[in-house]
Amino acid sequence: MDSVELCEFVAAFEHSIGRVEETGERVSVTDGGEPLGALLPAAELAELEHFAQRVHGGPRPRPRMVRERPVGPEQRGPYIRYVHAGGVRMTFARDRAVVAELRSVDELDWLEDNARTGRQGHMDPKQAAAFEEFLARRPPVGDGIAWIADSWREQEPFTVLEFIKGPSPEEVALAYGADAQDISDGLLLHQVRERDAREGGDDLLRVLVFGEAAGWTWLGYHDFDDDFSRFLVPPPPEQITLTATMAKAIYDFSYSKDGVYQNPFPIEDSAETQRDMYELIWYTPGETPFAPNAPLAFLNPHIRRAEEKTDWADGIPLFFAGLEQAFGLSLPRDALASGQVRCARPARR
């Protein structure tokens with residue numbers, strides 16, 4: 001990538017803009033040898049802005065310093081320069097058409113990070129067809145999670161299911177406030193069941209059950225008394241939470257990346273009906289659950305594949321089957337039924 005000092009660029013910007021327009025490549029702008037920003041061809045900038053707007057992340061960075069702005073547009077050769085608020089961002093036009101823009105390093109980093117995330121939900125027809133073929137060949141991962149959907153909806157065996165990438169099951173359990181001695185002792189779920197049966201206790205409703213499957217730490221627990229914190233520091237690379245509230249018929253799904261909630265909106269055209277959460281009862285088999293420009297749109301082909309290739313008919317198991325495909329989630333069916341899974345009670349307060 002070519003580079004030019006700010007003082008040289010301001011004095012003769014037509015040369016750099018001509019270079020961008022001719023080659024379609026960026027030109028770096030430095031100030032005293034330090035990177036200030038980059039001149040981007042209008043087409044490349046339009047693509048970055050298009051995909052970045054799909055992501056509802058942090059705010060666009062503000063200029064670190066305010067530079068002096070010229071009174072009005074300035075013309076050099078065939079190009080006209082327009083300077084924006086802050087004095088760093090500049091737009092360059094020729095024959096009333098934008099050909100390039102200067103963006104700061106901070107804003108360009110923000111654009112590229114968000115555009116990279118936004119592209120994850122986009123596929124052209126050829127890519128989509130190849131992806132569908134890949135999904136058709138992909139074997140199921142373990143027991144999957146669709147098998148637990150119906151009982152989970154009835155708050156059995158847990159009201160909350162979580163899947164976390166990165167930390168080990170023991171690390172997550174400790175961070176959530178589980179008893180360290182139970183974790184060290186290797187307490188098993190069937191032991192809690194048997195003790196409750198003998199003593200008439202209710203520990204079974206207060207334990208955190210945990211394990212690892214297919215590269216994910218999974219958790220199951222009830223959230224009746226806020227016994228567990230549900231927060232990790234730093235936030236994990238990926239986190240999926242499914243919460244059932246049978247009394248209110250509320251069944252929530254949420255997905256976070258690096259602590260940033262990947263909210264589902266917009267799911268409708270009207271601003272009044274846009275939602276910042278997703279309830280599984282909104283999903284109707286045969287209909288696309290997420291709009292193409294929503295952060296969760298990448299789930300659409302997985303859910304559609306589950307509709308076409310599995311025997312599940314009800315909406316919630318189908319949605320779970322789509323999550324199996326998208327993330328490779330699994331829960332140990334036989335081990336949960338027999339109680340041969342690890343658990344821990346809340347730490348004593």
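1. In this predicted model, Y278 and F319 are both buried. The rings of Y278 and F319 form a stacked aromatic pair, with 5.7 Å from centre to centre and 20° between the planes. The pair links distant parts of the chain, since Y278 sits in the loop between β13 (260-261) and α10 (300-309) while F319 belongs to helix α11 (residues 315-327), 41 residues apart. Y278 and F319 are also among the members of a cluster, linked by ring pairs, that includes F253, W282, Y283 and F290 as well.

2. The structure holds 15 aromatic pairs, and another of them deserves a separate remark. The ring centres of F13 and F92 lie 5.4 Å apart with the planes at 50°, and the pair therefore counts as tilted, an angle between 30 and 60 degrees being what that label requires. Here too distant parts of the chain are linked, F13 being in helix α2 (residues 13-23) and F92 in strand β6 (residues 90-94), 79 residues apart. Both F13 and F92 are buried.

3. The sheet is open and consists of 7 strands in the order β1-β2-β3-β7-β6-β5-β4, with mixed pairing. Its edges are β1 (2-5) and β4 (74-76), each of which has a single partner strand, so that one side of each is left without a neighbour in the sheet. Direction ignored, neighbouring strands are turned by 25° against each other on average. At the β1 edge, the pairing with β2 (residues 27-31) is parallel and runs over 4 bridges, and S3 stands opposite S28 in β2.

4. Two helices can be placed against this sheet. Helix α3 lies across β3 and β7 and runs at about 100° to β3, whereas α4 packs on the sheet by touching β3 and β7, its direction making about 105° with that of β7.

5. For α4 (residues 105-119), the 15 residues should span 21 Å at 1.5 Å a residue, and the end C-alpha atoms are indeed 21 Å apart, which agrees. The buried residues of α4 are E107, L108, W110, L111, N114, A115 and G118. They cover an arc of only 160° around the axis, and therefore lie on the same side of α4. These buried residues pack against β3 (34-41), α3 (42-52) and β7 (97-104).

6. E49, in helix α3, counts as partly exposed because its relative accessibility is 22%, the limit for a buried residue being under 20%. Leaving aside neighbours within four places in sequence, E49 is in contact with R60, R103 and L111. The C-alpha atoms of E49 and G118 are separated by 9.9 Å, although the two residues are 69 residues apart along the chain.

Terms used
Residues numbered from 1 in each chain as written. Predicted model: local features only at pLDDT ≥ 70, side-chain atom pairs only at ≥ 80, totals over all residues. Heavy atoms only, no water. Expected span 1.5 Å × (residues − 1). Buried < 20%, exposed > 50% of the residue type's maximum accessible area, 1.4 Å probe, protein only. Arc of directions from axis to C-beta. Contact = heavy atoms within 4.5 Å. Pairing = 2+ DSSP bridges. Axes fitted to C-alpha atoms, helices over the stretch in contact; angles between N-to-C directions. Phe/Tyr/Trp six-rings, centres within 6.5 Å; stacked < 30°, edge-to-face > 60°.
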